[in-house]
There are 2 protein chains.
Amino acid sequence: MESIDRQVSIYMNGSEFGDPQIKEMMTQELRQRLIEAEAEGRPLRVYCGYDVTAPDIHLGHTITMRKLRQFQEFGHEVTFLIGTFTTLIGDPSDRDEARAEALKEDIERNAQTYAEQAFKILDREKTKVRYNYEWLSKLSFADVINMASYFTVQQFLIRDRLRNRYEKNDPIWLRELLYPLAQGYDAVSLQADVQLGATEQLFNLMAARRLQEVFGQKPQICITFPVLVGTDGVHRMSKSRGNYIGIAEPPDEIYGKTMSINDDLIMPYFELVTDVQEEELAEFRRQLENDTVNPMVLKKRLARELVTQFYDEKAATEAEENFARVVQKREVPDEIPEVRTSFKAQQLPTNSALIYQAGFASSSSAAFRLVMQGGVTIDGKKINDNSPAYTDGSIIKVGKRRYFRVVDADKTS
Amino acid sequence: MESIDRQVSIYMNGSEFGDPQIKEMMTQELRQRLIEAEAEGRPLRVYCGYDVTAPDIHLGHTITMRKLRQFQEFGHEVTFLIGTFTTLIGDPSDRDEARAEALKEDIERNAQTYAEQAFKILDREKTKVRYNYEWLSKLSFADVINMASYFTVQQFLIRDRLRNRYEKNDPIWLRELLYPLAQGYDAVSLQADVQLGATEQLFNLMAARRLQEVFGQKPQICITFPVLVGTDGVHRMSKSRGNYIGIAEPPDEIYGKTMSINDDLIMPYFELVTDVQEEELAEFRRQLENDTVNPMVLKKRLARELVTQFYDEKAATEAEENFARVVQKREVPDEIPEVRTSFKAQQLPTNSALIYQAGFASSSSAAFRLVMQGGVTIDGKKINDNSPAYTDGSIIKVGKRRYFRVVDADKTS
């Protein structure tokens, strides 16, 4: 029983239902189901479904995938469901048969890479990979009508987003009301005990419960999680928006994209898609709040965590080095002045001294003010004090567009 | 062109759309389609669909069937569509598989008798009989979702009946929104030029137009007709209400049920389901308005028309005779008094004289008043004057429950 309480706590951690009553109900049902399954000597059947609109699994997907892995770690049976059918019907645009066929091939190809990528997170040996085309493509018109007998139009239209659209008289397509049936039938077909999903999908997950009852099954427990905002800081992460970080992208891409996110996203990313422990996260939050850390430092840590997670530490270190180089290369003009200084001195020149030496300030004190006001960047990092922060080869940026390079005066060139 | 204008006038006669603009549009499209088909040297493809919830085709069905026959008479290709699939999905109640199978068998059996009965009205040689199970059972979930992409929930909810239910928060089942797709796909499958139906089905017929366009066809012309009120005078005619007159019922049943309708229904029945010409109908209307006809007389005419239509004149005459006999038998107690009178006299006793003789009035004048006030019925017909209206064996009814039989005094018994 102790193990069960611990499991419940782990599985529900990070969940978000948007409704405390549903959360309470699901928590109780989950606990109950774990007790029953233990008594029956069987694992829970747990799944999450993923549509395949793009070849890449991105960070957004990993929120639930990491949760699936937690179930695996306790010995439960995990199905990684690939929505080959639901993806096929997802695009409402007019399509001729040739294009539909091409789309189907795309989906099948993407589905294959999906499964492969999933094993960056899930345990390959313990994961069932299924495709919902297998059962949904076999349903007939009569089956659909039968399922549609158990839902009212009102149930759909009281949902926030649909109600708003209905009230504004924005078209709500009949097609949209059929998705919950498709997704719900997945749960029936898998005889699921638990389904994971995004908070915004809660209605569909709950609809699946109703269908399971219709088909004589015990309704599944639904656990939902927040949606990950994309690197643009505005929309949910998705391939089509271009605001995503794919888990199979090269380490440099993962690192670079992570470095590009807005500071607001640092903590949500740490919380939702890394293994960094809560104590450390609390410290990060404190530092950010009190402005005692350069957010860039935390972003680098985040980027390292992600690359390490999908590759390894070595790849993370390389990515970090490449990033510094590449970003500099991108920003810095081809020909820039050099300032030579010796690195043998006991005490190196201050940052402002080099700036004055470069002729980018009219006086030493003007150079010092530039540094203290935050107008100076060394190797892509803004500096706030004057203690030497450069090395041989460092690029020092003053204001928006002026650069010089620090060169070791002792080096033979 | 003269023939085309005449056809349009005949086909549209009796139609009711509940919307003059749609009627105007359909009339124009019908005319245009007839011109095109003539130019192409082909007949129009015309159909009407019938669900098979009961083994009997009833008068209500014949409104559109008679119209189909008119198309046949001008050489068009008529399909009598039996809704084997749509009937199967029509019953929303929970059903186990065994019951569903039994229902399917019922439907198939009923469908067979349907086709046979249809030929009481349609030309057997010129009628195609089709069953929509043939194509609708082949549609997949993906097909349904594709069709559902072309309709919005709002289009459904602005329909009067659904809007009212929505506003009252009466459940509107998602299933109900799928019927128009099923019926619409019939038109696609038949590549229909014209579909007939009931006025209340206009939305579904129009939805079919949209689907035909989606599938690259020219949208059909829809022609709709009023619903026939059942013999109860309240609800639409249907087997399940028990207020129907089946066209394959025995002549006595058709005759008797027609005699039982409310006077209000006489004219609608004449107009919608008989061949009686407009001039004569106008005369009937006048007579009813001015109370110059006993409605019973018109009802008998109506009953004769119907039996003749589905059988022949001889059957109609027999039914009339049987009706008089049976009705009397039903109403009259087994043992009733007899009043003997001679039929050889030049002048027979008045009706009131016999009533007084029977002891059913305290005086000749009281008996006379009974007759003149309409309290006396002879052989089921109310009498309003005193000239002898009886024959040997006539049953004379006085008030609500008193009867006597007239017996020829000269007969040897």
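Begin this tour of a predicted model by selecting A:Gln191, which is partly exposed, with a relative accessible area of 45%. This residue belongs to the loop between helix 10 and strand 4 (194-198) of chain A, and its phi is near 45 degrees, a positive value in a residue other than glycine.

From there, move back along the chain to the loop between helix 9 (160-167) and helix 10 (179-190) of chain A, where A:Asn169 has its place. A:Asn169 likewise is not a glycine and yet has a positive phi, of about 60 degrees; with a relative accessible area of 54%, A:Asn169 counts as exposed, because the cut-off for that class is over 50%.

**Strands 1 and 2**

Next, select strand 2 (residues 77-83) of chain A, which is largely enclosed by the rest of the structure, since six of its seven residues are buried. Add strand 1 (residues 45-51) of chain A to the selection, and the two strands can be followed as a parallel pair joined over seven bridges. To find the register, display A:Tyr47, which stands opposite A:Thr79 in strand 2 of chain A.

**A:Thr84**

Now select A:Thr84, which is found in helix 4 (residues 84-88) of chain A. At 7% relative accessibility, this threonine counts as buried, because the limit for that class is under 20%. What does A:Thr84 touch, once residues up to four places away in sequence are set aside? The contacts are with A:Ile107, A:Ala111, A:Tyr131, A:Asn132 and A:Tyr133. For A:Tyr133 there is a further detail to display, in that its backbone nitrogen lies 3.1 Å from a polar atom of the side chain of A:Thr84.

**The five-stranded sheet**

Turn then to the open sheet of five strands in chain A, which has the order 6-10-9-7-8 and mixed pairing. At its edges stand strand 6 (338-341) and strand 8 (381-382) of chain A, each with a single partner strand, so that one side of each is left without a neighbour in the sheet. Within this sheet, select strand 9 (residues 395-398) and strand 10 (residues 402-408) of chain A, which pair in the antiparallel sense over four bridges; A:Ile395 has A:Arg405 of strand 10 of chain A as its bridge partner.

**Helix 17**

With the sheet still displayed, add helix 17 (residues 351-358) of chain A, which lies across strand 6, strand 7 (376-378), strand 9 and strand 10 of chain A and runs at about 125 degrees to strand 6 of chain A. Which residues of helix 17 of chain A are buried? They are A:Asn351, A:Ser352, A:Leu354 and A:Ile355. These residues cover an arc of only 160 degrees around the axis, which puts them on the same side of helix 17 of chain A. The elements against which the buried residues of this helix pack are strand 6, helix 18 (364-372), strand 7, strand 9 and strand 10 of chain A. Just after helix 17 of chain A comes A:Gly359, whose phi is positive, near 85 degrees.

**Both chains**

Finally, show chain A and chain B together. A turn of 180 degrees, with a shift of 0.1 Å along the axis, lays chain A on chain B with an RMSD of 0.4 Å, which is the relation of a two-fold axis. To locate that axis, select A:Ser140, whose C-alpha, at 2.3 Å, comes closest to the rotation axis of the residues of chain A. The copies meet through the same surface, because 100% of the interface residues of chain A are also interface residues in chain B.

Conventions
Residues numbered from 1 in each chain as written. Chains lettered and ligands numbered in written order. Predicted model: local features only at pLDDT ≥ 70, side-chain atom pairs only at ≥ 80, totals over all residues. Heavy atoms only, no water. Least-squares fit on C-alpha atoms with pLDDT ≥ 70 in both. Contact = heavy atoms within 4.5 Å. Buried < 20%, exposed > 50% of the residue type's maximum accessible area, 1.4 Å probe, protein only. Polar contact = N/O pair within 3.5 Å; in protein donor to acceptor, adjacent residues only side chain to side chain. Pairing = 2+ DSSP bridges. Axes fitted to C-alpha atoms, helices over the stretch in contact; angles between N-to-C directions. Arc of directions from axis to C-beta.
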